[in-house]
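Work through the exercises below with the sequence and the 3D view side by side. Try each task before you read its solution.

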Amino acid sequence: MPELSLESLPETITRNLSRNLCVCYDVPRQEVIECILQGASTWEEVSDKTYACQGSGCCERQVKRLVEQINELKAQNSSD
Ligand code: FES
């Protein structure tokens, strides 16, 4: 079964890919999404790998939301 890829994600997730999701550490939304696609399953893991959320933590909710959404899609994908 095909792995979930950036291209297969819904537009609601992939819009503004090149914009910084974490402005404190200049981490683009794409980097966060790719990190989750590559296996990060918690926002803490994403933060360790990308430095997102390590400023004042103001992007934590957005990262958590992406982790939830993408992991849900992964689970659906693997049960198809
Ligand atoms: S925007 Fe990511 S920690 Fe502030």
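## Exercise 1: Asn20 and its surroundings

**Task.** Find what Asn20 touches, not counting residues up to four places away in sequence.

**Solution.**
- Step 1. Asn20 touches Asp26, Val27, Pro28 and Arg29, leaving out residues up to four places away in sequence. Contact here means heavy atoms within 4.5 Å.
- Step 2. Before going on, note what you are looking at. This is a predicted model, where local features need pLDDT of at least 70, side-chain atom pairs count only at pLDDT 80 or more, and totals for chains, interfaces and linings use all residues. Residues are numbered from 1 along each chain as its sequence is written, and side-chain values use heavy atoms, with hydrogens and water left out.
- Step 3. Place the residue: Asn20 lies in strand 1. Helices (H or I, at least four residues) and strands (E, at least two) are DSSP runs, numbered from the N terminus.
- Step 4. Look at the side chains of Asn20 and Asp26: a polar contact of 2.9 Å joins them. A polar contact is a pair of N or O atoms within 3.5 Å; within protein, one must be able to donate a hydrogen and the other to accept it, and residues adjacent in sequence count only if both atoms are side-chain atoms.
- Step 5. Check the accessibility. Asn20 counts as partly exposed, at 33% relative accessibility. Buried means under 20% relative accessible area, exposed over 50%, and partly exposed in between (1.4 Å probe, protein chains only).

## Exercise 2: Thr50 in helix 3

**Task.** Is Thr50 buried or exposed? Which backbone oxygen does its side chain reach?

**Solution.**
- Step 1. Thr50 sits in helix 3, which covers residues 43-50.
- Step 2. Its relative accessible area is 6%, so Thr50 is buried.
- Step 3. The Thr50 side chain reaches the backbone oxygen of Val46 at 2.8 Å.
- Step 4. A polar atom of that side chain also lies 3.1 Å from the backbone nitrogen of Ala52.
- Step 5. Leaving aside neighbours within four places in sequence, Thr50 is in contact with Val27, Glu31 and Cys35.

## Exercise 3: The aromatic pair

**Task.** How many aromatic pairs does the structure hold? Which parts does Tyr25 help tie together?

**Solution.**
- Step 1. The structure holds one aromatic pair. Rings of Phe, Tyr and Trp (its six-membered ring) pair if their centres lie within 6.5 Å; planes under 30 degrees apart count as stacked, over 60 as edge-to-face and the rest as tilted.
- Step 2. Tyr25 and Tyr51 form a stacked pair, 6.3 Å centre to centre with 15° between the planes.
- Step 3. Tyr25 is in the loop between strand 1 (20-22) and strand 2 (27-28), and Tyr51 is in the loop between helix 3 and helix 4 (60-79), so the pair ties together parts 26 residues apart in sequence.
- Step 4. Tyr25 is partly exposed at 41% relative accessible area. Tyr51 is partly exposed too, at 48%.

## Exercise 4: The cysteines

**Task.** How many disulfides does the count come to? Why is there no bond from Cys53 to Cys59?

**Solution.**
- Step 1. Recall the chemistry: a disulfide is a covalent bond between the sulfur atoms of two cysteines.
- Step 2. Apply the rule: a disulfide is a pair of cysteine sulfur atoms within 2.5 Å. The count comes to zero.
- Step 3. The closest cysteine sulfur to that of Cys53 is in Cys59, at 3.7 Å, so it is too far for a bond.
- Step 4. Cys53 counts as buried, at 9% relative accessibility. Cys22 is buried as well, at 2%.

## Exercise 5: Helix 2 and the core

**Task.** Which residues of helix 2 are buried? How many residues does helix 2 give to the largest nonpolar core?

**Solution.**
- Step 1. In helix 2 (residues 29-37), the buried residues are Arg29, Val32, Ile33, Cys35, Ile36 and Leu37.
- Step 2. Their cover includes helix 1 (11-14), strand 1, strand 2, helix 3 and helix 4.
- Step 3. A nonpolar core is a set of buried Ala, Val, Leu, Ile, Met, Phe, Trp, Tyr and Cys residues joined through side-chain atoms within 4.5 Å. The largest one has 22 residues, and Leu9, Val32, Ile33, Val46, Val63 and Ile70 touch the most other members.
- Step 4. Helix 2 supplies the largest share of this core, five residues.
- Step 5. Take Val63 as a sample: not counting residues up to four places away in sequence, Val63 touches Leu21, Val32, Trp43, Val46, Ala52 and Cys53.
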